[in-house]
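Reader: I am new to this structure and would like a close, patient look at one part of it. Please begin with a single pairing between neighbouring strands, and then follow the connections outward to the rest.

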Number of protein chains: 2
Amino acid sequence: MTESPQGTAIQTPAPAALTGRRGRRAADVPTLVRRAREGDARAVARLISLVEDASPVLREVAAALAPHTGHAQVLGLTGSPGVGKSTTTAALVRALRQAGKRVGVLAVDPSSPFSGGALLGDRVRMQDHAGDSGVYIRSMASRGHLGGLSWATPQALRVLDAAGCDVVLVETVGVGQSELEIASLADTTLVLVAPGMGDGIQAAKAGILEVADVFVVNKADRDGADQTVRDLRYMLSLGGRHSEAGHWRPPICRTVASRETDNGIDEVLEKVEAHRQWLESSGEGRRRRSERAAREIEAIALASLRERMGDVHGSAALGSLADSVVAGETDPYRAADELLAQL
Amino acid sequence: MTESPQGTAIQTPAPAALTGRRGRRAADVPTLVRRAREGDARAVARLISLVEDASPVLREVAAALAPHTGHAQVLGLTGSPGVGKSTTTAALVRALRQAGKRVGVLAVDPSSPFSGGALLGDRVRMQDHAGDSGVYIRSMASRGHLGGLSWATPQALRVLDAAGCDVVLVETVGVGQSELEIASLADTTLVLVAPGMGDGIQAAKAGILEVADVFVVNKADRDGADQTVRDLRYMLSLGGRHSEAGHWRPPICRTVASRETDNGIDEVLEKVEAHRQWLESSGEGRRRRSERAAREIEAIALASLRERMGDVHGSAALGSLADSVVAGETDPYRAADELLAQL
């Protein structure tokens, strides 16, 4: 690989068109990707910022990452507020690091200003790993108050994948439709529930059952843990999907994850590994990855079309077409054709 | 105009591609439009069915209607369930007919099976006019349980406009965002409220204030009518939009509309006429019509793009692009470009 003039690029003020939203200097993409692959956490962070900010070099970043992707195992982790997602994530990261894996974490925060403080507290708990060069932790903005994944999440995943992560954990609050989104991103989706949280099980009824590959009953030392496991088992017995032969039957693990204890985490990782093997042997893993890429391509294509439509919104061309329709000189379908021809 | 071979077209079984969803015979569009303009109610009904069913001749219909549109005054009528929208609509139709106007009514029903029965009752009340050749009444399906306007509503409006209606009333339940949609369609939006309906005023607070050109306090013989008028007046005094000079200040009318009485309806029509004159003198009417056409063009263009995207969803082309992304041979942005190039 040719040595890129990275120093120069960083010291020279960038032309406006190449400056990201945060007014940073121009990105030397090939150098950033090389450094990220060498384990430079700042380069990884910078690349994620470039994709999050929809930088003008977004496409260049995507193209430079592509040859290095396809290695990481993506774990989704979701559950209602309060079930212990962040402590479980931290415990999983510890265990994966002990097994010598490089780990990336994408924590998708609801952008609500009201919950911002509490989540910040959760984030801090994970900073155990901040000095560990084998772990990248990144909080990402969510798309709205329901905690939907940011459109940039798949691109950020690609950055961590290209940077050599063996496992990427995507953690999101299981409200709204984010659990469906995370399941469409992840190879394996872990659904956390906690004893005595009726709403957790309600959420499970409403769709979490369909997305869970592994159930984790966290805080399993509390009253009601047995009942929660029984409830889940009963609901699984009712579900059609998992009863068919050849299908994966989601196991139910019990954990007590906190800053002090990691009880049950090893069993969770065993189930994750079993699921990975099933994905491979059944062909389902290949299907999921292909489906995921197809959705991503479609989403980008549709966004690109919307953007082009946005450019004409309120434009002179649209205004004059609208006036022709009002005057009865043309009809809205022909006008729409003309509008599209101008895109 | 050349005489179209309408008899032949109707008697010959249509090729499948020209048959609408309901399996009707092929439409001879020029003849249907000519007949509709001559006052043939069945031709009007047939044209509306063609646009509602998204018939393959939809574009031909739109093109044939265009030269004959731009005449009708469009009145939107909205309000919470129970305020008397249908009886008011019927009273307005009677008054407009007495003034010699040709009238069209588009009644947008929520498709909820639970309210279907009650609404059917309302519909029956309007059948007073069913035998009157100067009135076209049409119930249209709504888009969902919140009563949003069907995408076909603007096209159905064009049919009634081209058929020579002087006034088209679009009546819709004021729930969800249908009141915003109706305001974007109508020249003049009437918002009905009834005394003692706290929720009516709540709805008003939530957005109806912004869309109302004329307020109608119906059932004005009931207790609380004065209070409702005062509440509305107070809320209007708080609203910024209407206090500016040159802006229209929505008047508040009182009506008692039922099968027997039309009290206050003449005053409503006077206010509607005053609003029409204001629309003309202020240039706001021209702006609204142009804006309405622009939105319609954009909606059709976006729907057309989505349709083309839908054609590729799950297609072999998308599948092979997805596999290339999974293999790291290309990135999702380049794949999206290739997908769009294939549209």
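Author: In strand β4 of chain A, the residue that serves as bridge partner of G76(A) is V170(A). That bridge belongs to a set of seven which join β1(A) to β4(A), residues 167–173, with the two strands running parallel; strands here are DSSP runs of E with at least two residues, helices are runs of H or I with at least four, and both are numbered from the N terminus. Two strands are said to pair if DSSP finds at least two bridges between them. Strand β1(A) also pairs with β5(A), again in the parallel sense, over five bridges, and there the bridge partner of G79(A) is L192(A).

Before going further, it should be said that this is a predicted model, in which local features need pLDDT of at least 70 and side-chain atom pairs count only at pLDDT 80 or more, while totals for chains, interfaces and linings use all residues. Residues are numbered from 1 along each chain as its sequence is written, chains are lettered from A and ligands numbered from 1 in the order in which they are written, and side-chain values use heavy atoms, with hydrogens and water left out.

To return to β1(A), which spans residues 73–79, seven of its seven residues are buried, that is, under 20% relative accessible area, where exposed means over 50% and partly exposed lies in between, with a 1.4 Å probe and protein chains only. The cover extends to both faces of the strand, with Q73(A), L75(A), L77(A) and G79(A) buried on one side and V74(A), G76(A) and T78(A) buried on the other.

Strand β5(A) leads on to a salt bridge (a side-chain nitrogen of Lys or Arg within 4 Å of a carboxyl oxygen of Asp or Glu). The side chains of D187(A) and R292(A) meet in such a bridge, 2.7 Å from N to O. D187(A) lies in the loop between α8 (178–185) and β5 (188–193) of chain A, whereas R292(A) lies in helix α12 (residues 284–312) of that chain, so the pair ties together parts that are 105 residues apart in sequence. Both ends count as buried, D187(A) at 4% relative accessibility and R292(A) at 15%. Elsewhere in chain A, D213(A), E284(A), R287(A) and R288(A) are linked in a network of salt bridges, and over all chains the count comes to 28.

From here the path leads to the packing between the chains. In soluble globular proteins, nonpolar side chains tend to be buried together. The largest nonpolar core, meaning a set of buried Ala, Val, Leu, Ile, Met, Phe, Trp, Tyr and Cys residues joined through side-chain atoms within 4.5 Å, has 102 residues, and those with the most contacts inside it are L47(A), I297(A), L47(B) and I297(B). Leaving aside residues up to four places away in sequence, I297(B) is in contact (heavy atoms within 4.5 Å) with several residues of chain A, including L318(A), L321(A), V325(A) and P332(A).

L321(A) itself lies in helix α13 (residues 316–326) of chain A, and with a relative accessible area of 6% it is buried. Apart from I297(B), L321(A) touches T330(A), A335(A), E338(A) and L339(A), again not counting residues up to four places away in sequence. L321(A) and L339(A) stand 18 residues apart in sequence, with their C-alpha atoms 8.0 Å apart in space.

Across the whole interface, 46 residues of chain B are in contact with 46 residues of chain A. The area buried between the chains, which is the accessible area (1.4 Å probe) that two parts lose on being put together, summed over both, is about 3,900 Å², and carbon and sulfur atoms give 69% of it. Of the area that chain B buries against chain A, I297(B), E298(B) and Y333(B) supply 19%, more than any other three residues. Two salt bridges are counted between the chains, and the side chains of R59(B) and D337(A) meet in a salt bridge of 2.6 Å, N to O.

When the copies are superposed by least squares on the C-alpha atoms of residues with pLDDT of at least 70 in both, chain B can be laid on chain A with an RMSD of 0.2 Å by a turn of 180 degrees and a shift of 0.1 Å along the axis. The two copies are thus related as by a two-fold rotation axis, and in chain B the C-alpha nearest that axis belongs to L305(B), 3.8 Å away. Because 100% of the interface residues of chain B are also interface residues in chain A, the copies meet through the same surface.
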